[in-house]
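Have the sequence and the 3D view open side by side for this one. We'll start with the overall build and then walk through a few spots worth a look.

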Amino acid sequence: MAIAIRNTESDIVDAYWEKLQSLSMKAKLRLATLLTTSAFEEECQKSSSTPTRKVFKTKRHTENVLTDAQLEARFAGMQTPEVPKDPSWSEVINSNTGKTIPPIEKWL
């Protein structure tokens with residue numbers, strides 16, 4: 001009667017580890033490099049063979065949006081407002097000098 005011995009992967013790894021402990025540091029580093037490269041290549045092949053596809057759903061936030069032609073027809077003949085003149089920096093600085101924000105005043 002033949003008996004089949006089945007080893008799990010962890011048993012095989014433990015058996016190899018006992019043998020690998022006797023190797024030199026250089027051999028261990030070489031083995032680590034090979035194992036890491038092999039695992040990385042296997043992961044790359046696995047991820048490249050099955051493309052991932054993400055499906056996004058869009059939500060409509062507004063109703064009855066006018067097209068460009070409808071907007072042009074709606075505002076035809078109306079004058080555009082004048083663009084306000086930008087104030088000089090000195091006007092901006094003078095208008096803000098010495099002013100504090102009321103909610104922050106109690107902490108100052």
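What share of the 108 residues in the protein do buried residues make up? The answer is 0%. Keep in mind that this is a predicted model, so the numbers here are computed from predicted coordinates.

On to the overall build. The protein has five helices and zero strands, which reads along the sequence as α-α-α-α-α. Its accessible surface comes to about 11,800 Å², and carbon and sulfur atoms account for 59% of that.

Four of the helices come up in this report, and here is where to find them:

| Helix | Residues | What to look at |
|---|---|---|
| H1 | 9-20 | gives two or more residues to the lining of the largest pocket |
| H2 | 25-49 | gives two or more residues to the lining of the largest pocket |
| H3 | 68-74 | holds leucine 71 |
| H4 | 89-96 | zero buried residues among its eight |

Now the pocket. The largest pocket has a volume of about 180 Å³. Which residues line the largest pocket? They are Ile12, Val13, Tyr16, Leu20, Leu31 and Leu35. H1 gives the most to this lining, with four residues. By class, the lining is made of six nonpolar residues, with no polar and no charged ones.

Next, the surface around H3. Leu66, Leu71, Phe75 and Met78 form a nonpolar patch there for you to click through, and together they show about 370 Å² of accessible area. One of them, leucine 71, sits in helix H3. Why does leucine 71 count as partly exposed? Its relative accessibility is 33%, and partly exposed covers the range between the under 20% of buried and the over 50% of exposed residues.

Last stop, H4. How many of the eight residues in helix H4 are buried? The count is zero, so to speak a helix that is hardly covered. Just after H4 comes glycine 98, and this glycine takes a positive phi of about 80°.

To recap for your notes: the protein has five helices and zero strands, buried residues make up 0% of the chain's 108 residues, and the largest pocket has a lining of six nonpolar residues.

Note on methods:
Residues are numbered from 1 along each chain as its sequence is written. This is a predicted model: local features need pLDDT of at least 70, side-chain atom pairs count only at pLDDT 80 or more; totals for chains, interfaces and linings use all residues. Side-chain values use heavy atoms; hydrogens and water are left out. Buried means under 20% relative accessible area, exposed over 50%, partly exposed in between (1.4 Å probe, protein chains only). Patches are made of residues with over 30% relative accessible area and no salt bridge: like charges are joined within 9 Å, nonpolar side chains (Val, Leu, Ile, Met, Phe, Trp, Tyr) within 5 Å. Accessible areas come from the Shrake-Rupley method with a 1.4 Å probe; for residues, only the protein chains shown count as cover. A salt bridge is a side-chain nitrogen of Lys or Arg within 4 Å of a carboxyl oxygen of Asp or Glu. On a 1 Å grid over the protein atoms alone, a cavity is a set of points where a 1.4 Å probe fits but cannot get out, and a pocket is an open set with protein on both sides within 12 Å along at least five of seven lines; lining residues have an atom within 4 Å of a point. Grid points are joined across faces, edges and corners, and a volume is the space filled by probe spheres set on the points. Ala, Val, Leu, Ile, Met, Phe, Trp, Tyr, Cys and Pro count as nonpolar, Asp, Glu, Lys and Arg as charged, and the others, Gly among them, as polar.
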